[in-house]
Amino acid sequence: MSKDIKGKNEKNEKNEKKNKKRLDYLCVLCFPISMDFARLNKGTFDSILTERLVGSIMKKVVKFGGSSLASAEQFKKVGDIIRADESRKYVVPSAPGKRHSKDTKVTDMLYGCYALAEADKDFSAELAAIEARYNEIITGLGLKLSLKDEFEVIEKNFKLKAGSDYAASRGEFLNGRIMAVYLGYEFIDAAEVICFHSDGSFDAEKTDTVLSKRLAKAERAVIPGFYGAKKGGEVKTFSRGGSDITGSIVARAAKADLYENWTDTSGFLVTDPRIVENPKPITTITYKELRELSYMGASVFHEDAIFPVRKAGIPINIRNTNSPEDEGTMIVESTCRTPEYTITGIAGKKGFVAINIEKDMMNSEIGFGRKVLQAFEENGISFEHVPSGIDTMTVFVHQPEFEGKEQNVLSAIHRLAAPDSIDLEANLALVAVVGRGMKSNRGTAARIFAALAHNNINIKMIDQGSSELNIIIGVRNEDFELAIKVIYDIFVSSVL
């Protein structure tokens with residue numbers, strides 16, 4: 001074999017290895033099968049690989065809360081966070097929050113200002129104070145931006161009684177304008193892409209269609225949170241905290257890989273820090289676990305913000321603007337990660353009343369439970385939990401809601417279900433112990449009951465679903481805080 005032929009063969013073998021390596025990468029990146037890999041040179045491959053990794057494959061929507069955007073200093077932190085990651089393409093800002101404990105949120109300033117306008121009183125000083133807040137941010141960022149025209153429009157619309165929703169929405173609108181200029185991103189008015197029905201309900205499908213088309217034309221954009229508009233252009237807001245919802249809606253429309261929600265805490269905590277000092281953070285939580293904790297009073301995340309991303313299978317990462325190095329909490333559909341502790345979180349509420357109903361042979365009477373619950377339905381009262389025995393049934397309801405209709409409900413139960421007796425027990429609290437790890441750990445309930453008994457806490461009710469995701473425990477109001485501390489200690493502190 002000549003040296004030339006041998007050299008060509010060796011060169012061909014090297015090229016085949018290179019192309020095979022590129023093929024492996026490209027298969028992972030889901031490139032079309034029809035692509036001619038043999039002709040793909042290294043420069044083309046590298047550019048496509050970079051585009052796929054940075055541009056198409058990883059796409060993040062980031063939402064920043066009011067405390068993260070309260071001042072120019074906070075804005076700069078946000079700018080650094082966004083610029084540190086090329087995949088943070090779409091930004092959803094809230095209105096400026098409090099700069100310090102005695103400060104006023106801009107949204108509250110707008111509500112107050114509009115209340116004066118609605119009462120035909122002079123609101124010029126209040127509107128000027130709001131404009132000063134924004135100018136302070138603009139000056140601090142060194143921007144050549146004037147919001148004079150925007151404030152003239154706001155003043156005009158306030159005089160025309162444009163509505164409190166319009167007034168409140170201007171906080172996010174103006175902050176979005178500043179953010180877009182500061183980042184050099186396109187500004188998309190949420191009123192043009194977040195759609196509401198004429199009755200004020202959110203139009204999810206139309207919004208997803210309209211917003212998806214708009215985002216497809218914008219490589220990077222700022223979309224203000226909290227509001228949208230009805231068909232005729234009337235501004236409509238979500239409930240307070242609605243910027244979380246907007247972020248979730250944008251993430252779904254953008255088909256994002258991750259929705260980052262930046263606030264002033266490093267994710268969720270195992271329990272309320274007002275009850276347990278320095279509780280441990282939750283690193284990963286499922287949507288189901290979050291739903292259970294949120295339902296039982298944990299101030300974690302706007303409930304309506306979960307559904308758009310959950311439907312699309314997009315995880316949420318709760319991060320801290322003031323500590324961007326913290327990983328925060330990941331909210332996911334499901335995970336194979338073994339939780340650090342048996343439980344994920346503890347939450348609860350005070351102020352329940354238990355209506356204990358007894359009747360011999362209750363278990364053999366068809367429709368008894370329906371008849372009892374009908375009495376509550378007739379009086380407009382929703383129930384929380386309904387544990388039952390062979391001849392007993394207990395309905396837990398919110399005490400403030402029940403007290404005013406107490407006798408009406410009791411007489412309705414007697415009329416509809418004819419029980420042998422009804423007994424009431426007030427001033428109760430419910431504690432939820434939630435965790436996917438409970439299913440694979442034996443003796444979880446026994447540990448809870450033993451710990452409570454050791455601390456002389458009497459258990460009034462026990463309720464556990466078939467999913468074994470949570471255990472609900474009823475205790476007296478005065479034992480509520482101690483019960484949470486005891487359960488935290490037995491599952492978290494004792495493991496440390």
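A salt bridge is a side-chain nitrogen of Lys or Arg within 4 Å of a carboxyl oxygen of Asp or Glu. The model is predicted, so local features need pLDDT (the predictor's confidence in each residue, from 0 to 100) of at least 70, side-chain atom pairs count only at pLDDT 80 or more, and totals for chains, interfaces and linings use all residues. Residues are numbered from 1 along each chain as its sequence is written, and side-chain values use heavy atoms, with hydrogens and water left out.

**Exercise 1.** Find the acidic partner of K236 and place both residues.

Solution. Step one: K236 pairs with D165, N to O at 3.7 Å. Step two: K236 sits in strand β6 (residues 235-237) and D165 in helix α7, 71 residues apart, a link between distant parts of the chain. Helices (H or I, at least four residues) and strands (E, at least two) are DSSP runs, numbered from the N terminus.

**Exercise 2.** State how K159 and E155 are paired and how accessible each one is.

Solution. Step one: their side chains form a salt bridge of 3.5 Å, N to O. Step two: about one helical turn separates the two, because they are four residues apart in helix α6. Step three: K159 is exposed at 53% relative accessible area, while E155, at 31%, is partly exposed. Buried means under 20% relative accessible area, exposed over 50%, and partly exposed in between (1.4 Å probe, protein chains only).

**Exercise 3.** Name the members of a salt-bridge network and give the total of salt bridges.

Solution. Step one: the network links K60, D85, R88, E260 and R319. Step two: the structure holds 29 salt bridges.
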